[in-house]
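Colleague: Could you walk me through this one before I set anything up?

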Amino acid sequence: MMTLVSPRLREGVKNLYDKLAPMKEPAESTGKAKAVAKMVGPQTSVAVIGGFSVASDEPESLDGRMTAPYPSSLFVASIGLAENVIFARQAALHGADFDSLETTVEGLWDMKGMFGQDGRSPAMNEFHIETRITTGAPPEKMAELLRLTHDRCPMTATVAKAGTISRRLIVNGVEVKV
C-alpha cells in the first residue's frame with residue numbers, strides 16, 4: 001500500500017508548526033471558519049464555504065425534497081472530516097505513516113428539544129467516534145496519535161464541551177485500546 005502521509009504533507013505541517021510556534025498572543029493564531037447559508041426551498045439550504053457549495057435538505061414528510069443530507073448529518077460529517085485532517089497532521093509531525101483512515105461519527109440528540117417539549121435540549125450530547133486505520137506502524141503509535149487528535153482537533157474539542165465522546169480504534173482489523 002501507499003502511505004497517505006506524503007512528503008508534501010510532512011513539509012506543510014512542519015512549516016505551519018514552525019510559523020505558529022513563535023506567536024504569543026491568541027489573536028495572532030486565531031483561525032476562522034465562515035459559511036453563508038441561504039434557504040432555497042421550504043427545507044433546503046445551500047451554504048457557500050470558501051467558494052464551494054454544500055447543500056442540506058430534509059425528508060419529504062417535512063416538505064423537504066431529499067436532495068441533500070440533513071444538517072445534523074453534515075455536522076457529524078464535519079467532525080469526522082476534521083479528525084481525519086488533524087490525525088494526518090499528527091502522523092506527519094510524529095513521523096508515522098498509514099495507508100488508510102476512516103472515521104465514523106454518530107451524534108445523538110433528543111428531537112423533542114427542537115420544539116421545546118418537556119424542557120429538553122436540542123443539543124447533541126453523545127458522540128460515538130470509530131476510527132479505522134491500516135498501517136505498518138505499531139498499533140500503540142496509532143492510539144497515541146488518536147489521543148493527540150482528540151485533544152487537538154477543533155471540532156472534537158468543541159463537541160466535547162457539549163457532550164460525551166466514546167471512541168473505538170481499529171488498527172489493521174483489530175480493536176486497540178485508546
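Modeller: What follows is a short tour of a predicted model, going from the helices to the salt bridges and then to the loops.

Colleague: Helices, then: how do the axes of helix 1 and helix 2 cross?

Modeller: The axis of helix 1, residues 7–20, and that of helix 2, residues 71–93, come within 9 Å and cross at roughly 90°. Because angles of 65 to 115 degrees are counted that way, helix 1 is described as roughly perpendicular to helix 2.

Colleague: And which residues meet there?

Modeller: From helix 1 the contributors are Leu9, Arg10, Val13, Leu16 and Tyr17, and they meet Ala88, Arg89, Ala91, Ala92 and Leu93 of helix 2.

Colleague: Switching to charges, how many salt bridges does the structure hold?

Modeller: There are eleven salt bridges in the structure. In general, side chains of opposite charge can pair when their charged atoms come close. One of the bridges joins aspartate 63 to arginine 65, with the closest N and O atoms 2.8 Å apart.

Colleague: Is that aspartate 63 buried or exposed?

Modeller: Neither, strictly speaking: aspartate 63 has a relative accessible area of 40%, so it is classed as partly exposed. Its partner, arginine 65, also counts as partly exposed, at 44% relative accessibility.

Colleague: What about aspartate 110, which residue does it bridge to?

Modeller: Aspartate 110 forms a salt bridge with arginine 120, and the closest N and O atoms of that pair are 3.1 Å apart. Both residues sit in the loop between strand 4 and strand 5, ten residues apart. Aspartate 110 is partly exposed at 27% relative accessibility, and arginine 120 is partly exposed as well, with a relative accessible area of 38%.

Colleague: Any other pair worth listing?

Modeller: Glutamate 175 and arginine 168 form a salt bridge too, the closest N and O atoms being 3.2 Å apart. Glutamate 175 is partly exposed with a relative accessible area of 47%, while arginine 168, at 36% relative accessibility, is likewise partly exposed.

Colleague: Which residues are joined into one network by salt bridges that share partners?

Modeller: That network is made up of Asp110, Lys112, Asp118 and Arg120, joined by salt bridges that share partners.

Colleague: Now backbone angles: what is phi of aspartate 118?

Modeller: Phi of aspartate 118 is near 55°, which is a positive value in a residue other than glycine. Aspartate 118 lies in the loop between strand 4 and strand 5, and at 57% relative accessibility it counts as exposed, because the cut-off for that class is over 50%.

Colleague: And asparagine 172, where does it lie?

Modeller: Asparagine 172 is in the loop between strand 6, residues 164–171, and strand 7, residues 174–176. It has a positive phi of about 50° although it is not a glycine, and its relative accessible area of 42% makes it partly exposed.

Colleague: Last topic, the surface: which residues form a nonpolar patch?

Modeller: Met111, Met114 and Phe115 form a nonpolar patch on the surface, and together they have about 370 Å² of accessible area.

Colleague: Where is methionine 114 placed?

Modeller: Methionine 114 is in the loop between strand 4, residues 100–108, and strand 5, residues 126–134. With a relative accessible area of 47%, methionine 114 is partly exposed, so it passes the patch requirement of over 30% relative accessible area.

Methods: Residues are numbered from 1 along each chain as its sequence is written. This is a predicted model: local features need pLDDT of at least 70, side-chain atom pairs count only at pLDDT 80 or more; totals for chains, interfaces and linings use all residues. Side-chain values use heavy atoms; hydrogens and water are left out. Patches are made of residues with over 30% relative accessible area and no salt bridge: like charges are joined within 9 Å, nonpolar side chains (Val, Leu, Ile, Met, Phe, Trp, Tyr) within 5 Å. Accessible areas come from the Shrake-Rupley method with a 1.4 Å probe; for residues, only the protein chains shown count as cover. A salt bridge is a side-chain nitrogen of Lys or Arg within 4 Å of a carboxyl oxygen of Asp or Glu. Helices (H or I, at least four residues) and strands (E, at least two) are DSSP runs, numbered from the N terminus. Buried means under 20% relative accessible area, exposed over 50%, partly exposed in between (1.4 Å probe, protein chains only). Axes are lines fitted to C-alpha atoms, for helices over the stretch in contact, and angles run from 0 to 180 degrees between N-to-C directions. Angles under 35 degrees count as roughly parallel, over 145 as roughly antiparallel, 65 to 115 as roughly perpendicular and the rest as oblique. Contact means heavy atoms within 4.5 Å.
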